[in-house]
Amino acid sequence: DLLDEFQTSGICDETYKTRLTWKIYRSTQPTRASSQMQVVYNNTGETETDSGCALVLLLAISANPDVCSVDVRRGVEPSNQIASFMVESERQ
């Protein structure tokens, strides 16, 4: 079971320290617009443990009653040479 395996104390510490970046976007008008949290997971060279830890984190975030939606986005996949060059040169 995914939760049983990856909720062991400390098993995901290294994954969370080295593969995640976080950004918080606080709403300036909380009665009109929600605040947002962006979590970016670097899956380059990931292990099965890294992957499992990322899934458990996603489950925990989505199970929080204060979270109204979760959006998963894949990396940029350019479809032509000019776009490929811009992404590779870190100009997006």
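Of the 92 residues in this chain, 12% count as buried. The model is a predicted one, so let us walk through it with that in mind.

## Overall layout

The chain contains 4 helices and 2 strands. Read along the sequence, their order is α-α-β-β-α-α. About 8000 Å² of the chain is accessible surface, and carbon and sulfur atoms account for 49% of that area. When contacts between residues at least 6 apart in sequence are taken together, 42% of them join residues at least 24 apart.

## Thr15 and the salt bridge

A good place to begin a closer look is helix H2, which spans residues 13–19 and holds Thr15. Is Thr15 buried or exposed? Its relative accessibility is 3%, and because buried means under 20%, Thr15 counts as buried. Not counting residues up to four places away in sequence, Thr15 touches Leu20, Tyr41, Asp50 and Cys53.

One of those partners, Asp50, also takes part in a salt bridge, and its partner there is Arg19. The closest N and O atoms of Asp50 and Arg19 are 2.9 Å apart. The pair links distant parts of the chain, with Asp50 in helix H3 and Arg19 in helix H2, 31 residues apart. Side chains of opposite charge can pair when their charged atoms come close. Both Asp50 and Arg19 are buried. How many salt bridges does the count come to? The count comes to 1 salt bridge.

## The nonpolar patch

On the surface, Leu55, Leu58, Val70 and Val72 form a nonpolar patch, and together they have about 320 Å² of accessible area. Two of its members, Val70 and Val72, can be set beside Thr15 for their location and accessibility.

| Residue | Location | Relative accessibility | Class |
|---|---|---|---|
| Thr15 | helix H2 (residues 13–19) | 3% | buried |
| Val70 | loop between H3 and H4 | 40% | partly exposed |
| Val72 | loop between helix H3 (48–63) and helix H4 (81–88) | 56% | exposed |

Why does Val72 count as exposed? The relative accessible area of Val72 is 56%, and the class of exposed residues begins over 50%, so Val72 is exposed. Val70, at 40%, counts as partly exposed, because that class lies between 20% and 50%.

Which residues does Val70 contact, leaving aside its neighbours within four places in sequence? Val70 is in contact with Leu58 and Ser62. Leu58 is also a member of the nonpolar patch. For a backbone distance, the C-alpha atoms of Val70 and Leu59 are separated by 9.9 Å, and these residues are 11 apart along the chain.

## The largest pocket

The largest pocket holds about 1400 Å³ of space. Its lining is made of 30 residues, and those nearest its centre are Val39, Val70, Asp71, Val72 and Arg73. Strand S1 (20–25), strand S2 (36–41) and H3 are the elements that give two or more residues to this lining. Val70 and Val72 therefore appear twice in this account: they belong to the nonpolar patch, and they are among the residues nearest the centre of the largest pocket.

How values were computed:
Residues numbered from 1 in each chain as written. Predicted model: local features only at pLDDT ≥ 70, side-chain atom pairs only at ≥ 80, totals over all residues. Heavy atoms only, no water. Buried < 20%, exposed > 50% of the residue type's maximum accessible area, 1.4 Å probe, protein only. Contact = heavy atoms within 4.5 Å. Areas by Shrake-Rupley, 256 points an atom, 1.4 Å probe, with all protein chains shown as cover. Patch = residues over 30% accessible without salt bridge, like charges linked within 9 Å, V, L, I, M, F, W, Y side chains within 5 Å. Salt bridge = Lys/Arg side-chain N within 4 Å of Asp/Glu carboxyl O. 1 Å grid on protein atoms, 1.4 Å probe; cavity = no way out; pocket = protein on both sides within 12 Å on 5 of 7 lines; lining within 4 Å. Points joined across faces, edges and corners; volume = space filled by probe spheres on them.
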